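Work through the exercises below with the sequence and the 3D view open. Each task is followed by a solution in steps.

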Amino acid sequence: MSAAETQNWFGHDIAPGESLSTELVVSESYSSRNVSIPVNIRRGLQPGPTVFVTAALHGDELNGTGAIRTMLSDKEWSLQSGTVLMIPVLNMLGFERHSRYLPDRRDLNRCFPGSASGSMASRLAKVIFESLIARCDFGIDLHTAAVRRTNFPNVRADLSHPDCRRMAEAFGSGIILQTKGPKGSLRREATRAGCPTIIVEGGEVWKVESSVVECMTRGIFNVLMELKMMSGEPDIPDTQATIRETKWIRAERGGFLAMHVSPGDSIVKGQAIATNSNLLAEDQNRLEAPFSGIIIGMTTLPAVQPGEPVVHIGRLSNPKSVRRHEKQVAGDEVQRTAHEHLATNIQVVDAPAEDNNENVD
């Protein structure tokens, strides 16, 4: 979409160089009052693409909300070209209930592009998709881990799409996961409709974590610079790990976990991940890494039952790649700070020495 002329957004005319905070009516409440989502629209003086930045598509995932609010209150940056739409809370009905889901118990991020005659969630998705997404050229959707989990900041994108790859690499998270996204998800349907979109995962629900916010805001500015909408060069790590295979390591027994890794750690095959014991610290059971990789996410609950997820590992090709990632995180202040801060949310202890059951003469 060109920014050379006045644009109309939700009944408001916005000229090049102007910005406006407004609301988009997306549904009605039980009392028949309008349900609206807040939108800030910022335009550069020159023509350029239109980019949406959304958060709280799951209503309890607030790190992205914190990132967008940080951008809105920051007077130091300016847009040279194009248009940016910043939506701090996309799922207002879930947000107001501190819930991932809508009141009809559906996941809004499985309902796009929506239907005018479908469920409440589907109707809401259709309004958002047609009023916002369909008018944009690129998109960035900000998320956290699900409840009782945390994620080290990472980008997820369909890397077979050139523009998605371009944005994912420019974001500069240090970790890029190759995934198209679930059917009905915002990024998958937006990309398919001609608006290449990436998502960013970082941190926990119900929190605004400063180190995650810093990763997100840097990445958004990086993408805007890459698209020539802002002046300057993107601040991107020298190397980034591209992950094409991940695996959740699950508890084999019920009990209490002693964690030996933290979010963002690099690990090698066979390394101890967690030790599981009863409440009297007896009957230990050790979980080990099935391959070398990166701890993308993990549980924040120390108590587990058999089959519950413990850590989410992204596979790296070999130990050399593990060392390269360790060096990359250590050399990037934003990632290093996130690594240090997220580790403080989990008690991490050294793995105990394995028992030696061999007979000795």
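**Exercise 1. A strand and its partners**

Which residue in β10 is the bridge partner of V155? Use the predicted model to find it, then list the strands that pair with β8 and give the sense of each pairing.

Solution.

Step 1. The bridge partner of V155 in β10 is V200.

Step 2. Extend this to the whole strands. β8 and β10 (residues 197–203) run antiparallel and are joined by four bridges.

Step 3. Look for β17, which covers residues 293–299. Its pairing with β8 is antiparallel, over three bridges. Within it, G297 of β17 stands opposite N151.

Step 4. Turn to β9, residues 175–178, which pairs with β8 in the parallel sense over three bridges. Here R156 has L177 as its bridge partner.

Step 5. Follow the chain from β8 to β9. The path goes through helix α4 (residues 162–171), and this β-α-β crossover is right-handed.

Step 6. Check how covered the strand is. Of the nine residues of β8 (149–157), eight are buried.

**Exercise 2. The surroundings of a histidine**

Decide whether H143 is buried or exposed, and name residues that it contacts.

Solution.

Step 1. Locate the residue: H143 belongs to strand β7, residues 138–143.

Step 2. Compare its accessibility with the cut-off. Buried means under 20% relative accessible area. H143 has 2%, so H143 is buried.

Step 3. List the contacts, leaving aside neighbours within four places in sequence. H143 touches L57, H58, E61, N109, I199, V200, E201, G202 and M216.

Step 4. Link this to Exercise 1. V200, one of these contacts, is also the bridge partner of V155.

**Exercise 3. Unusual backbone values**

Most residues other than glycine have a negative phi, and most peptide bonds are trans. Find where F10 and A56 lie, and which residue is joined to P113 by a cis peptide bond.

Solution.

Step 1. Take F10, in the loop between β1 (7–9) and β2 (12–14). Its phi is positive, near 55 degrees.

Step 2. Take A56, in the loop between β5 (46–55) and α1 (63–73). Phi of A56 is also positive, at about 55 degrees.

Step 3. Set the accessibilities side by side. F10 has a relative accessible area of 22% and is therefore partly exposed. The value for A56 is 0%, so A56 is buried.

Step 4. For the peptide bond, go to the loop between α2 (92–95) and α3 (120–131), where P113 is found. F112 and P113 are joined by a cis bond with omega about 5 degrees.

**Exercise 4. Aromatic rings**

How many aromatic pairs does the structure hold? Classify the pair of F112 and F129, then find an arginine over the face of W9 and another over the face of W248.

Solution.

Step 1. The structure holds three aromatic pairs.

Step 2. For F112 and F129 the ring centres are 6.2 Å apart and the planes make an angle of 40 degrees, so this pair is tilted.

Step 3. Place the two residues. F112 is in the loop between α2 and α3, while F129 is in helix α3, so the pair ties together parts 17 residues apart in sequence. Both F112 and F129 are buried.

Step 4. Now the arginines. R135 lies over the face of W9, 3.6 Å from the ring centre. R149 lies over the face of W248, at 4.7 Å from the ring centre.

Definitions and conventions. Residues are numbered from 1 along each chain as its sequence is written. This is a predicted model: local features need pLDDT of at least 70, side-chain atom pairs count only at pLDDT 80 or more; totals for chains, interfaces and linings use all residues. Side-chain values use heavy atoms; hydrogens and water are left out. Buried means under 20% relative accessible area, exposed over 50%, partly exposed in between (1.4 Å probe, protein chains only). Helices (H or I, at least four residues) and strands (E, at least two) are DSSP runs, numbered from the N terminus. Two strands pair if DSSP finds at least two bridges between them. A crossover is right-handed if, with the strands pointing away from the viewer, the path from the first strand over the helix to the second runs clockwise. Contact means heavy atoms within 4.5 Å. Rings of Phe, Tyr and Trp (its six-membered ring) pair if their centres lie within 6.5 Å; planes under 30 degrees apart count as stacked, over 60 as edge-to-face and the rest as tilted. A charge sits over a ring if NZ of Lys or CZ of Arg is within 6 Å of the ring centre and within 35 degrees of the ring normal.
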